[in-house]
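Biologist: Please take a close look at the aromatic pairs in this structure. I would like to know which rings are involved and how each pair is arranged.

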Amino acid sequence: MVEKIGSYCNHLNILNHPTPSLLKEHNLDQVTDASSEEPQWEMMDPEVSVLLHCAHWHGLLESQVQVELSERFNRQTDLALERHIDEVWTKRVSKEPWLFNGAKFRLHSFCLADPQNPPSTPLSHGTIFHHTEDQNNQGQRDLGEIHNRCISQTENAEGASNHDYREFNGIADKLPPHPAPLLTLRLGLTCYKDYLGTNWSCGVAKLRQRGEAEFGDPLTLLAQPLGVGAILCTSNGQVVMIRRSQKVAEAGGLLDIPGGHPEPKAVCERLGQRVCEEQIGIAMMERKPETIVSELFSSVCAEIRDEVNIPLSSLGPPVLMGVALNHTSAGRPSAEFYVSCSLNSDEVRKLYWKGGVEASESTEVVFVSRTEVLQLDRSSPLWSELCPSAKGAVLLYQTVKPDVVPDQRGRGDAKLTPPHVHKETD
């Protein structure tokens, strides 16, 4: 088996603390898929980049993803940093007393199967190799090619290429069985308070320098909470966006996609454990990692319901396109999904204006044709209106093309489904 064991390079920790990560950082234009058809990154935006994509499979379903949860995937810290976080939190709460400190999952690293030879058994975690600057050339040859900002490690195993077959709104009701998950996400725990005191702190540059100097990883001291977002497509080919309220903490007034975070507390509740946020621990969830995967996928649909007021019964199964990084908050990761909707844009608009649970977070709903989204680039006027999370999701949508029908050879060859594109005129 060939699998890709990935880290952020200079974006995420690598496995065990405090072993330093000495991998070189690779620019976005060097990020490629291991399939023969490499995505072309034609636009570069300093606010966002793609950590990993699932273009070969046109996205992954819940059954194709697994999670490893461990305390060793938590951030590094010390007393001085904890005092700094407390100070930042105290100041913020004094100005915004409604702030709530909720537990979040922290993305540490990932393991993505080679699309040409997917695993027939659960992904092994293998060993992550290191090389230093003076080993560049030989190290690259030893480690294999760098794909998706991760390392290809070769092992012997058998496996056949597989594909998703999607029929309902681009997603299949019946899918061919996959022998094993194709992606493993390695997660720790963090919280919103830690995020404000690290990623969103005015001292984040110094924290990155400390992380690099002390651990060889600029993000090891940062919270790095994993978010979720959705490219939501209506039955008449419109991508749903919402304009963020000026009262929200980040990117006020900009266009965004529905999104939020998977909640550790929700996982605990699914497991029958009623706890407050401060009591949540890894031991409560690590024996049932599949429940975390379920929360990851279901949380994006819950955000669509709460922000756009679309009932869950009108949504198709979420398809994971990949993970994007928001560099306006020090490389915060977000898992971006494609979700189809059986309602048309007029029906969605009516539901939105009736108001959902989180209606106060946005001021209007905007529809952009699927064709226009696929053609967006930095020269498009609309691009400057997008917040970083929306930009990352658009980049992944353009690369992964989740609403296509793969051919039955399972080799990534695909044609676009006939689009029901209706350009909004009002």
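Modeller: What follows goes from the whole chain to the aromatic rings and then to one loop residue. The model is a predicted one.

As background, the protein chain has 9 helices and 16 strands. Of its 426 residues, 59% count as buried. The accessible surface of the protein chain is about 18,100 Å², and carbon and sulfur atoms make up 50% of that. Among contacts in the protein chain with a separation of 6 or more, 78% are between residues 24 or more positions apart.

Now to the rings. The structure holds 6 aromatic pairs. A pair of aromatic rings is described by the distance of the centres and the angle of the planes. Phe297 and Phe337 form one of the pairs, with 5.0 Å centre to centre and 75° between the planes. This pair is edge-to-face because the angle between the planes is over 60 degrees. Phe297 belongs to helix α6, residues 289-308, while Phe337 belongs to strand β13, residues 332-340. The two are 40 residues apart, and the pair links distant parts of the chain. As for burial, the cut-off is under 20% relative accessible area. Phe297 has 2% relative accessibility, so Phe297 counts as buried. Phe337 has 0% and therefore counts as buried too.

Tyr352 and Trp353 form another edge-to-face pair, at 5.1 Å centre to centre with 80° between the planes. Here the two partners fall into separate accessibility classes. Tyr352 counts as buried because its relative accessibility is 6%. Trp353, in contrast, is at 55% and so counts as exposed.

Besides these, there is an aromatic cluster: Trp89, Tyr192, Tyr195 and Trp200 form one such group.

One further residue can be placed by its surroundings. Ala359 is found in the loop between α7 (345-354) and β14 (362-369). With 27% relative accessibility, Ala359 counts as partly exposed, because that class lies between the 20% and 50% cut-offs. Ala359 and Val308 are 51 residues apart along the chain, yet their C-alpha atoms are separated by 7.3 Å.

To return to your request, the two pairs described individually are both edge-to-face: Phe297 with Phe337, and Tyr352 with Trp353. In the pair of Phe297 and Phe337, both residues count as buried. In the pair of Tyr352 and Trp353, Tyr352 is buried, whereas Trp353 is exposed.

Notes:
Residues are numbered from 1 along each chain as its sequence is written. This is a predicted model: local features need pLDDT of at least 70, side-chain atom pairs count only at pLDDT 80 or more; totals for chains, interfaces and linings use all residues. Side-chain values use heavy atoms; hydrogens and water are left out. Helices (H or I, at least four residues) and strands (E, at least two) are DSSP runs, numbered from the N terminus. Buried means under 20% relative accessible area, exposed over 50%, partly exposed in between (1.4 Å probe, protein chains only). Contact means heavy atoms within 4.5 Å. Accessible areas come from the Shrake-Rupley method with a 1.4 Å probe; for residues, only the protein chains shown count as cover. Rings of Phe, Tyr and Trp (its six-membered ring) pair if their centres lie within 6.5 Å; planes under 30 degrees apart count as stacked, over 60 as edge-to-face and the rest as tilted.
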